[in-house]
Amino acid sequence: MAADAIVLGAGIIGVSTALHLAKRGKSVVLVDRRGPGEETSYGNAGLIQREGVVPYGFPQQMAMILRYALNNRIDAHYHLGALPSVAKFLSRYWWNSNVSRHQVIARAYAPLIEQSITEHDVLIREADAGHLIRKDGWTQAFRTQGKQDGEVREAERLKREYDLDFTVLDAKGLAEKEPHLSQDFVGALTWTDPWSVTDPHALTLAYVALFEKLGGRFIRGDATTLRQTGSGWTVSTDEGSIEGKDVAIALGPWSDTVTKPLGYEFLVGVKRGYHMHYGARDNVVLNGWTMDAERGYFLAPMRQGIRLTTGAEFALRDAPKTPVQLGRAEAVARTIFPLGERLDKEPWMGARPCTPDMMPVIGKAPRHRGLWFAFGHAHHGLTLGPVTGRAVAEMICGDSPFINVAPYRPERFKI
């Protein structure tokens, strides 16, 4: 079977890339070992984070680092045995999170985020997926006035520099917005620009349906069988070998299984995360996406139930699940909202692919014709799927990408 292009990885990044290629008239085969959107793209907090222009940095204050070292928090956890393997990534991540370097990175990163709503909006309308979208932002709830004041000052800076909107709520305003939250909070900040997705997996599948309507094909296959041929690339699938002139690697945290055999060594770590769905006691309602800012977990009213998501776990990608953060978060969450029973048989776990400079890898491979990279989106895979997909598709088609992708070029890793 032949195609113009092969896309390896059917998460939101790969699906968006394949879809944009199909929209440009290319014959495209999307390949994954599992069904579309069943890995990392399945379990996020469901936010298209237009406000997320500043990527999540590594703590710089020694007191905070020492608190994290105790390994008893919700927002971060680590496997002691994994530290030697991830030390190089963490040290570079810490170095890039220095205030001055972090600000430079944020300015380079912002153009991706600034297009996130616009690019999703086009695909949402074309895929007839508007029923999955809410446009009322998300809320950080604060337990202390000092924390709220600091976050509001930062929000004011981001508003000036990046044209973002937000509203500040006192305790009464938060109670009106979320009447079933406890009185543990002194106030809140609601980012009004972001959109939320009530079922991220369903949104990915809607994009896949649009892709197939345009003539694209999804086939299960083994990305690690990718080989270069005289005319392009070939990969083995359940329906035989697929050949294509171009291939895009959008395998998220598994991208190294293909890039490393081809001679590309990217310094990419993973931040694993967990979620669980819950019912609500006494028919109470959580109205919107809400973060307990000081504790570091999210409550999101999804179609499957109220989704509780944890922070980052630093561990080897394929290590067994250790959902201790979820247990800690659930215990706290039950004190601030009347969560009901668990609705899932076991906690879900996913792995976010993260680069040490907090920016994705987007662009053409420097030593192979027709090889393209699109991975490393960390916490913003859902947010940046359509933006990345459009930019990669434009490059594959020989057009100038609609945004400047130079800051995300693979060569910055000196591969």
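Both F266 and F413 are buried, where buried means under 20% relative accessible area, exposed over 50% and partly exposed in between, using a 1.4 Å probe and protein chains only. Let us start from these two rings and work outwards. This is a predicted model, so a little bookkeeping helps: local features need pLDDT of at least 70, side-chain atom pairs count only at pLDDT 80 or more, and totals for chains, interfaces and linings use all residues. Residues are numbered from 1 along each chain as its sequence is written, and side-chain values use heavy atoms, with hydrogens and water left out.

A search of the whole structure gives eleven aromatic pairs. Rings of Phe, Tyr and Trp (its six-membered ring) pair if their centres lie within 6.5 Å; planes under 30 degrees apart count as stacked, over 60 as edge-to-face and the rest as tilted. Take Y264 and F373: their ring centres are 5.4 Å apart and their planes stand at 75°, so this pair is edge-to-face. The two residues are 109 apart in sequence, with Y264 in the loop between α9 (256-259) and β13 (269-280) and F373 in strand β21 (residues 371-375). Helices here are DSSP runs of H or I with at least four residues, strands are runs of E with at least two, and both are numbered from the N terminus. Y264 is buried at a relative accessible area of 1%, and F373 is buried with a value of 1%.

Now back to our opening residues. F266 and F413 also make an edge-to-face pair, with 5.5 Å from centre to centre and 80° between the planes. F266 lies in the loop between α9 and β13 while F413 belongs to the segment after α11 (381-396), so this pair ties together parts that are 147 residues apart in sequence. Put the pieces together and you have one aromatic cluster formed by Y264, F266, F373, F375 and F413.

The segment after α11 also holds E411. E411 is partly exposed, with a relative accessible area of 38%. Its C-alpha lies 8.2 Å from that of A365, although E411 and A365 are 46 residues apart in sequence. Apart from neighbours within four places in sequence, E411 is in contact with K364 and P366, contact meaning heavy atoms within 4.5 Å.

Rings meet charges as well. The charged end of R101 sits over the ring of W95, 3.6 Å from its centre, and R390 lies over the face of F402, 3.9 Å from the ring centre. The test asks for NZ of Lys or CZ of Arg within 6 Å of the ring centre and within 35 degrees of the ring normal.

Next, the cores. A nonpolar core is a set of buried Ala, Val, Leu, Ile, Met, Phe, Trp, Tyr and Cys residues joined through side-chain atoms within 4.5 Å. The largest has 80 residues, and L30, L112, W191, L203 and Y207 have the most contacts inside it. Helix α11 gives the most to this core, namely eight residues. Not counting neighbours within four places in sequence, L203 is in contact with H120, I124, A129, L132, V197 and L382. A second, separate core of 24 residues includes W254, V258, F266 and L371, which brings us back to F266 once more.

Helix α10 (residues 324-336) has 13 residues and spans 19 Å from its first C-alpha to its last, close to the 18 Å expected at 1.5 Å a residue, that is, 1.5 Å times one less than its number of residues. Its buried residues include Q325, L326, A329 and E330. Two residues of this helix, Q325 and L326, are among those touched by T310. T310 lies in the loop between β16 (305-309) and β17 (312-314) and is buried, with a relative accessible area of 6%.

Two loop residues deserve a look at their backbone. Most residues other than glycine have a negative phi. N283 has a positive phi near 60°, and M358 has one of about 70°. N283 is exposed, at 74% relative accessibility, whereas M358 is buried, at 7%.

Finally, step back. The protein has eleven helices and 21 strands. Its radius of gyration is 21 Å, close to the 22 Å that the globule rule gives for 415 residues, so it is as compact as a globular protein of that length; the radius is taken over C-alpha atoms, and the rule is 2.2 Å times the number of residues to the power 0.38. Of the 415 residues, 57% count as buried.
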